[in-house]
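Let's take a friendly walk through one protein model. Have a look at the structure first, and then we will go through a few of its parts together.

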Amino acid sequence: MMLADRLRRLPIATRMLVSALVLVVLVLPAAGSLLSWNFREAVNTAFNERLESLLNVVIAGVSYDIHQDALVTNRQLGDSRFDRVFSGWYWQVRDDGQRVLTSRSLWDQRLAVSQEPDMAFRTIAGPRGKQLRLLERDIRLPNLNDVLHVQVAASLDEVDAQVARFQTLLWLSLATLGGLLIVLIGLQIRWGLAPLRRIEQSLKAVEQGRQPSVETDLPRELARLADATNTVLERDQRLMERGRTAAGNLAHALKTPVAVLGTLAERLPREQKAAMQAELKRLDEAIRHHLARASAAGPVTLGAEQEVTTVLAPVIEGVQRLAGRRGLVFQSDLQEGLQVRIDAQDLQEIVGNLLENAINWAKGCISLTGTVEGGWLVLSVSDDGPGMSPETREQALSRGGKLDETRSGSGLGLSIVTELAALHGGDLRLGESTLGGLHAEVVLPLTHLRSGR
């Protein structure tokens with residue numbers, strides 16, 4: 001199953017290249033073998049025809065001298081190899097008796113004679129153990145009653161050398177052709193899949209907020225896919241804008257009635273007033289919670305890259321003034337050049353809630369730091385307040401989990417930070433600060449870190 005899963009996940013380019021490689025490996029050797037066989041057959045056929053021509057020349061030149069009672073020849077075959085001793089090229093004419101006529105190349109050796117009366121080819125071992133192709137036939141001369149057996153033989157070294165040279169050239173050519181085919185097919189695949197890579201790059205640009213839609217200047221089939229993708233993106237963006245607008249409208253619609261109810265609650269008897277204020281408080285918390293979620297839902301996919309120090313500058317400036325009025329020391333240390341893909345308001349909401357919580361609980365000082373750990377942006381807020389136990393940290397992360405009802409706020413700060421961080425692929429961690437209070441740490445995926453600043 002694991003192998004099958006890996007095969008299903010193979011890239012398209014790898015699939016096509018492997019298929020082409022298998023095709024080349026199977027087809028080229030088969031074609032080479034067929035060409036080699038055909039060439040060998042052609043060489044053997046030409047060699048046999050040459051032997052047949054030489055045999056006819058030998059037959060035409062053989063005669064019987066009655067006076068000498070011997071076989072003689074009056075023709076030369078036109079090939080010097082028949083005159084060189086043991087050259088591998090021989091001819092022989094003999095009868096059933098002692099009459100024998102041979103080429104000079106046979107010297108004192110003789111070719112074996114078969115009993116086949118018709119013309120026949122066969123392979124024999126000749127002088128010095130060489131393999132010979134032999135052609136023989138029986139003839140009769142007008143002035144000789146005996147049957148003459150005429151033979152022509154030639155070494156197969158020439159045939160084998162021609163075939164070997166052809167096969168060497170053939171397999172080198174096929175190997176070169178196979179390599180060129182693989183390279184050209186690889187280039188063809190790369191060129192053919194280039195539009196898909198452009199779509200991938202375009203989608204990444206849309207995801208990172210660098211362009212509003214997917215590029216459509218593509219081949220016809222992929223252009224239709226890009227158009228459909230853009231249609232979906234536009235619809236989703238319209239839905240997100242509607243959601244944000246509806247959330248804002250809901251906030252304005254509920255703000256006045258809740259304020260009026262709060263005013264009316266002041267006129268109620270003491271017991272009814274407390275119950276009404278408690279319910280109004282729950283209503284206000286629920287509204288704030290769901291409006292925060294609606295606000296965070298939109299830009300997660302299409303958020304643009306943000307410069308952390310630039311986005312947080314107004315938040316830090318506001319906290320510095322607030323801390324100064326309360327007599328607190330506020331220290332900020334953000335690493336320069338940090339880039340994160342998140343909505344600017346969401347980033348301000350995250351850090352603002354953490355700093356607001358720290359100010360509410362700090363005794364003398366709070367700090368904000370921003371560093372890089374691996375591929376993550378780490379924003380840390382610490383204070384010197386009473387801190388939290390492990391149990392109370394879990395309670396604080398739950399919606400409305402306030403630890404001190406005498407303090408202002410709805411208790412939604414840390415819960416909202418948790419949800420915003422999660423929506424952007426991050427997390428909120430709580431621990432003990434080196435200052436003695438609470439240490440809140442938000443980690444977010446880091447886009448990159450600009451250098452030289």
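## Strands and a serine

In this predicted model, strand E5 (residues 120-125) pairs with strand E6 (residues 131-140) in the antiparallel sense, and six bridges link the two. To find one of these bridges, start at alanine 120: its partner in E6 is glutamate 136. Five residues lie between E5 and E6, which form a hairpin. In that turn you will meet arginine 128, with a positive phi of about 60°.

Strand E6 also pairs with strand E7 (residues 147-155), again in the antiparallel sense. Here is how the two pairings look side by side.

| Strand pair | Bridges | Residues in the hairpin |
|---|---|---|
| E5 and E6 | six bridges | five residues |
| E6 and E7 | nine bridges | six residues |

Across the E6 and E7 pairing, arginine 137 stands opposite valine 150 in E7.

Now let's turn to a loop. Serine 87 sits between strand E2 (70-73) and strand E3 (89-94). Is serine 87 buried or exposed? Its relative accessible area is 16%, and buried means under 20%, so serine 87 counts as buried.

What does the side chain of serine 87 reach at 2.3 Å? That is the backbone oxygen of arginine 81. A polar atom of the serine 87 side chain also lies 3.4 Å from the backbone nitrogen of tryptophan 89. Leaving aside neighbours within four places in sequence, serine 87 is in contact with Arg81, Phe82, Ser105 and Lys130.

Definitions and conventions:
Residues are numbered from 1 along each chain as its sequence is written. This is a predicted model: local features need pLDDT of at least 70, side-chain atom pairs count only at pLDDT 80 or more; totals for chains, interfaces and linings use all residues. Side-chain values use heavy atoms; hydrogens and water are left out. Helices (H or I, at least four residues) and strands (E, at least two) are DSSP runs, numbered from the N terminus. Buried means under 20% relative accessible area, exposed over 50%, partly exposed in between (1.4 Å probe, protein chains only). A polar contact is a pair of N or O atoms within 3.5 Å; within protein, one must be able to donate a hydrogen and the other to accept it, and residues adjacent in sequence count only if both atoms are side-chain atoms. Contact means heavy atoms within 4.5 Å. Two strands pair if DSSP finds at least two bridges between them.
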